[in-house]
Amino acid sequence: MSQDKGIFRKLGKPLLQGMIPPPGLFPEKFLDALSGLCSLRGKVSRLTNVERLITTLRHREPDRVPCCPLVISGSRRLIGASFPDFALKPETTTRALMAAFDLIGGEVVIPMLDLSVEASDFGQTMIYPENSTPHPDYDHPLITDHTGYQKLKRINLRDARRMHSLVEVLRIVTRQVGMKGVVSGFCFGPLGVLCMMRGAEHLFRECILYPTEVMAALETITGVLAEFIEAQCETGVAAITLDTLFASHNGLSKPLWEQMEGPFVRELSSLIRSKGCIVGVHNCGHGSYFDSQIRFMEPQIMSFAELPEGCNTLGELKKRYGDQVVLMGNMNTSLLAHAGPCEVIQDAKRLIEALADGGGFVLAPGCEYPPNAPLENAFVLAQAAKLCT
Amino acid sequence: MEKLAFHTQMQRRIRSAVCCHDAETLRALLDECLVEKSPGEVSGILLDALEEQRLNFMSSARSLPEFILTIDTVNAALEQMRSLEEPRKNSDAFVRIVIGVVRGDPHDLGKNIIAGLYRAYGFEVIDLGRDVHQEAFSAALTTYDAKVLALSAMMSTTMPAMKEIIREVRITGSKVAVVIGGAPLDAEIARAYGADGYAQSARHAIEETRSAISRVFP
């Protein structure tokens, strides 16, 4: 009884604040019934953004496919902010992301800063270019040889300026988006964070030559990421997206990934689920190991830029994984940067025809919307979700 | 008959050492091999072993980290061979390549792998590093009289610099095959930028470079 009261409190508090409660706290049967009703209603009238997503997440057909334009640092241009301001000033980040959400639309918002947030808090020297995404200063990597992995010190989240900034951004965006959409937090996987402090080439060699040392660093990083994820969950986000870039043909072999990063991301995804949040996984590599990622992380959503290993067509992908996870992507970002609206609509149509049948698909770019590309195609993408279903 | 058996066995052992990136065993095998064969023949066996690994990498039977270690191993062994071989600078097959990551871009993993591959396949590589300005590429092409310019960019924010570099190279009238690659690119963009070849990944760099060279220098 007291457990029931606890759950009602956890569900009631965000609802009273006009926010979505952690979806994992709702009973499965309730979500099934709700999505069934929404799917029926969607046949005759327009659903709200949240209804559309609930229906999609339960693998039922909504009124139309939901969309996530993934305009992240590109949003800075809507308010005339620079890259460094977007990356370093939470109020600017929030203003930019909300401008993108309000103007461009879409049902899913993934506020993030860049892929160096965690590494910079570990002490990696950064470069903040005026016209490009922030990145580590690879001339001065924090870890300079294989002995450095075991010397990596755990940091306190309280002193982690950039991680703290992202948590702050999530807190504000979640409140401002409210019931108009679903907000997902973001966390780079431990291998990705380590890559930012060592450089990919050295890290790849050392995963094979010094696995024990590398894993010691991954353990240290995972401890900090767990705290980071907990702080993100407390902001009221409905999901957390994990980026396991190296679980692909661009990274480690499948057995090596399962050995090196698999156990750590299993821990992080369990933590996300224990908070009632949805686990999302982002892939921008070629030939991602969907099977391993699903086994280790049990995600509900898989975002992808390229076809995963073992799938040669979108049809094969849908058949193999469509009932296990919600698929999100895989609009070509080069096309978004260079093509005209007609080509964008055609590409959206191709994806919707191949993946939207029976629900379980979110239209999105395969990776972040190109930050310096004209934003017109982001608007077209959001409209295509409405036009092409 | 005995010679053939020695050759086959040596090939197998060299292949195995390359596959396991066992530099020490490979060095000993090459020394053994050099008693019977010329440095050119031994280099040939080594390159066959690398080609096998490259094909395995192309079919994803070998991972990127394994392939990086293979390139390291083969390049170290080829250094050993080259010190024994005649200089090849007057040979028709000799091609000099200027390679670099465009300005503003710090990501050099792809460039380093491809530079390593080029070296292993007998090209002479002038590696300008990362975050390289247009002027540095132009100057290197003139200084080294290179036949190929290989450009890399990993960010959508930095890739437009490729277009400027290619335009500049064409304006100066230098006869050079330009090959470009990197995550945000595709074949269509490469064509629009005026490149002669597009290497989708390290898997395709050698073939693409060879065919770009044959198009520009028929």
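## Across the chains: H9(A) and H4(B)

Angles from 65 to 115 degrees count as roughly perpendicular. That matters for a pair of helices in this predicted model: helix H9 of chain A (residues 200–209) and helix H4 of chain B (residues 64–82) cross at roughly 95°, so H9(A) and H4(B) are roughly perpendicular to each other. Their axes come within 9 Å.

Who does the touching? On the chain A side, H9(A) brings Glu201(A), Phe204(A), Arg205(A), Ile208(A) and Leu209(A). H4(B) answers with Leu64(B), Pro65(B), Glu66(B), Ile68(B), Leu69(B) and Asp72(B). Sort the residues of this contact by class and you get 7 nonpolar, 4 charged and no polar ones.

## Inside chain A: H8 and H10

Staying within chain A, helix H8 (residues 190–198) packs on helix H10 (residues 211–233) at about 110°, and the two axes sit 9 Å apart. H8(A) is therefore roughly perpendicular to H10(A), and the crossing is right-handed.

From H8(A), the residues in play are Pro190(A), Leu191(A), Val193(A), Leu194(A) and Met197(A). They meet Val214(A), Ala217(A), Leu218(A), Ile221(A), Thr222(A) and Leu225(A) of H10(A). As for class, the contact of H8(A) with H10(A) has 10 nonpolar residues, 1 polar residue and no charged ones.

## Inside chain B: H5 and H9

Chain B has a helix pair to look at too. Here helix H5 (residues 109–120) and helix H9 (residues 205–216) of chain B pack at an angle of about 65°, with 10 Å between their axes. That makes H5(B) and H9(B) roughly perpendicular to each other, and they cross in a right-handed sense.

Ile114(B), Leu117(B) and Tyr118(B) are the H5(B) residues in this contact, and they meet Ala205(B), Ile206(B) and Thr209(B) of H9(B). The contact of H5(B) with H9(B) comes out as 5 nonpolar, 1 polar and no charged residues.

## How the domains of chain B meet

Zooming out, the domain assignment splits chain B into domain 1 (2–82) and domain 2 (92–216). The C-alpha centres of these two domains of chain B are 27 Å apart.

How many residues of each domain are in contact? In chain B, 15 residues of domain 1 touch 13 residues of domain 2. Between them, the two domains of chain B bury about 1,200 Å², with 62% of that on carbon and sulfur atoms. If you want the big contributors on the domain 1 side, look at Arg54(B), Phe57(B) and Met58(B): they supply 39% of the area that domain 1 of chain B buries against domain 2 of chain B, more than any other three residues.

Note on methods. Residues are numbered from 1 along each chain as its sequence is written. Chains are lettered from A and ligands numbered from 1 in the order in which they are written. This is a predicted model: local features need pLDDT of at least 70, side-chain atom pairs count only at pLDDT 80 or more; totals for chains, interfaces and linings use all residues. Side-chain values use heavy atoms; hydrogens and water are left out. Axes are lines fitted to C-alpha atoms, for helices over the stretch in contact, and angles run from 0 to 180 degrees between N-to-C directions. Helices (H or I, at least four residues) and strands (E, at least two) are DSSP runs, numbered from the N terminus. Angles under 35 degrees count as roughly parallel, over 145 as roughly antiparallel, 65 to 115 as roughly perpendicular and the rest as oblique. A crossing is left-handed if the near helix is turned anticlockwise from the far one by less than a right angle, and right-handed if clockwise. Contact means heavy atoms within 4.5 Å. Ala, Val, Leu, Ile, Met, Phe, Trp, Tyr, Cys and Pro count as nonpolar, Asp, Glu, Lys and Arg as charged, and the others, Gly among them, as polar. Domain bounds come from an automatic or database domain assignment. Buried area is the accessible area (1.4 Å probe) that two parts lose on being put together, summed over both.
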